[in-house]
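Student: Could you show me how to read the contacts in a model of this kind, starting with the surface that faces the DNA?

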2 protein chains.
Amino acid sequence: MSKVSLRDLAKALDVSISTVSKALRNSYEISAETRDRVMEAAREMGYHPNPYAGSLRHHKSKTIALLVPELTNNFFIQAISGAESVAQEKDYHILVYNTHEQYQKEESIIGHLGNGRVDGVIMSLTSETGRYDHLNDLIQSGVPIVFFDRIAHEIETAKVTTDDFASSFNGTEHLIRQGCRDIAFLSLSDSLSIDNKRKQGYLEALNKYDLNMSSSRIIRCEGDETKNLSTIIELLNSEKRPDAIFASVEKLALSTYNAAREIGIRIPDQLKVICFSNLRTAPLLNPSLTTITQPAFQMGAQAATVLFKYLEKKRPVIQNENIIMKSELIPRESTRRTT
Amino acid sequence: MSKVSLRDLAKALDVSISTVSKALRNSYEISAETRDRVMEAAREMGYHPNPYAGSLRHHKSKTIALLVPELTNNFFIQAISGAESVAQEKDYHILVYNTHEQYQKEESIIGHLGNGRVDGVIMSLTSETGRYDHLNDLIQSGVPIVFFDRIAHEIETAKVTTDDFASSFNGTEHLIRQGCRDIAFLSLSDSLSIDNKRKQGYLEALNKYDLNMSSSRIIRCEGDETKNLSTIIELLNSEKRPDAIFASVEKLALSTYNAAREIGIRIPDQLKVICFSNLRTAPLLNPSLTTITQPAFQMGAQAATVLFKYLEKKRPVIQNENIIMKSELIPRESTRRTT
DNA sequence: ATAAACTTCGAAAACGTTTGCGCTATAATT
DNA sequence: AATTATAGCGCAAACGTTTTCGAAGTTTAT
């Protein structure tokens, strides 16, 4: 039936609790004979150590937290999957939290993570996050943080990102080479590290080709889905409609598809679309979608690997370190050259 | 800096540990004055209670585990999202585990969940899972389990599912009404509750319309992605190619799309496709995909709600209960009637 | 005035581990 | 034979809480 503790084992075997404990951990202090007796009894009685008692003694929980701003998102879910894989190998447990793109939730959750609940944190920032006191406090209290994708430059720790500037530059260049001259950039948030890098890459490419850099072509889409949809429809209905859209995130590209469909604009004939995306169905869309795909799984795995590397040390203070992985530009129908 | 405990607070305020503890929990035994002093000091010194010490005392962890056979899967991720939402409201924490469709992993993870790590479990079974000893052991040890989608009929507890039989029947009927007479069913596993229900619905519909029930039209696709792809290609290249495919899970429909594309079969003209799916891009596919969509988010939320309802009792033994939610058939291009 | 009741707090046990140290018996060393 | 080393085990403290109980001191009732 229920819970069997060291005490129960000790009583059953008529030895002390410490003997049982040591036997189970294969201590040299215990004779082979009693060790085997204990092991056998433990298996038989279904003993499983209480993890929290151990945590209390050791100040180690063998648990890490994973904070993402969105759960139903192909990129983040692949990253989580990557982190989970290496955690499972290392016998670590993962607490998953959805911050829902809300700074307030992020702060509250981070607050719950001090004092030993987790040994470390892997996270991607909220689009609202502009101050980092809560994160610094956590680090100060001894819980290291590794960032991925949406990072805080201001915090000295390990960060796993992709080559956002270059990818965005390449993506924009790709559009230009396909004949586009008026490219709108759909942005998610001004405070986001990746968003800014991507904007810069976009602007730099425009600059290289001497294209009009009127900043009005950077469209902020930070509302909910329907809000964004109407923003995009408005854009596509405007007098001077752009001939291409560069969506900084996947969901904005999908909204663009929906908008185009709704008002009868043909992709790629009248509008070309490219975006950062980890959509598996990108090749199957109508038309198939040109994407810049980040190595999401590997990013999560890498973030976890770095974190664990530090956790294995006595006093885990993570040094500043930028790990930059490459995204891949995959041209498809949505940016096909038209005449 | 780091960790501040009750002892630290007590020392700073020159009162006893128990006074501090009681003050923080607003005990009637403590005067308003000292309570306020304690509260103030706690905030100032950044006190956060050590969760595991409390867990040890209370035999409650305020944590639940979520086990899914696949993480990069729209259905499961939406379910997780639903469960996470209600957990966050109830101030519970969620440990997420990926069983990778492997019985052995499921067993091992379940083994780690005894003895207090979690107060309860929400899970969907592996396609390999055929025996339930590990689950029964866990329940016996006092940790309740709530199943969703892929359930174990043999275990008496709460189960959240959808009307798989009816949905599958309706989906098959839909295909028949669109003119199909030779429908292949792509199955994932014989041991899976949902798979069997769906097969039965499919067969029942065939029966109703007096169609050929040769069981060879049930195709097992339990390999990896490339294996399944070649299985489907073989099917579509066979002498008597089916005129429709009913995929029991989303990924098999996507493989069907890929297979059709590869060997130049046009959907829906030459082949109609329907599947169970939570793909957000289903309307944007080429052609748009007819789906039977489960209320994944609500299922996860419902499972969590039921679990918490029981956890709030003293001795949480969950009664047998079948909660059945409705899926929605959304006809799209992939099953459009052709002449 | 004494007894009773109440208010406010502290001592200590308990949750289930791990581990340093001490104790006893036997084996090895002189 | 006397000493020392060693093997094998148990005691007890510690981790950070919560909570029962009792000890004061204070107020109210008789």
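Tutor: One begins with the residue classes, and in this predicted model the surface near DNA strand D has nine nonpolar, ten polar and five charged residues. In total 24 residues surround DNA strand D, and the closest are A:Ser18, A:Thr19, B:Leu6, B:Ser18 and B:Ala53.

Student: Which elements each supply at least two residues of the surface near DNA strand D?

Tutor: In chain A they are helix 2 (17-24) and helix 4, and in chain B they are helix 2 (17-24) and helix 4 (51-58).

Student: Which residues come nearest to DNA strand C?

Tutor: Of the 25 residues around DNA strand C, those that come nearest are A:Leu6, A:Ser18, A:Ala53, B:Ser18 and B:Thr19. Two or more residues of that surface come from each of helix 2 and helix 4 of chain A, and likewise from helix 2 and helix 4 of chain B. By class, the surface near DNA strand C holds nine nonpolar, eleven polar and five charged residues.

Student: How should I read the relation between the two chains?

Tutor: One asks which operation superposes them: here a rotation of 180° with 0.0 Å of shift along its axis brings chain A onto chain B, with an RMSD of 0.1 Å. The two copies are therefore related as by a two-fold rotation axis, and the same surface serves both, since 97% of the contact residues of chain A recur in chain B.

Student: How many residues of each chain are in contact?

Tutor: The contact joins 39 residues of chain A with 39 residues of chain B. On the side of chain A that touches chain B, helix 4 (51-58), helix 5 (74-89), strand 2 (93-98) and helix 11 (250-263) each supply at least two residues, and the residues of that side divide into 17 nonpolar, 19 polar and three charged.

Conventions:
Residues numbered from 1 in each chain as written. Chains lettered and ligands numbered in written order. Predicted model: local features only at pLDDT ≥ 70, side-chain atom pairs only at ≥ 80, totals over all residues. Contact = placed C-beta atoms within 7 Å. Helix = DSSP H or I, 4+ residues; strand = E, 2+ residues; numbered from the N terminus. Nonpolar A, V, L, I, M, F, W, Y, C, P; charged D, E, K, R; others polar. Least-squares fit on C-alpha atoms with pLDDT ≥ 70 in both. Near = placed C-beta within 6 Å.
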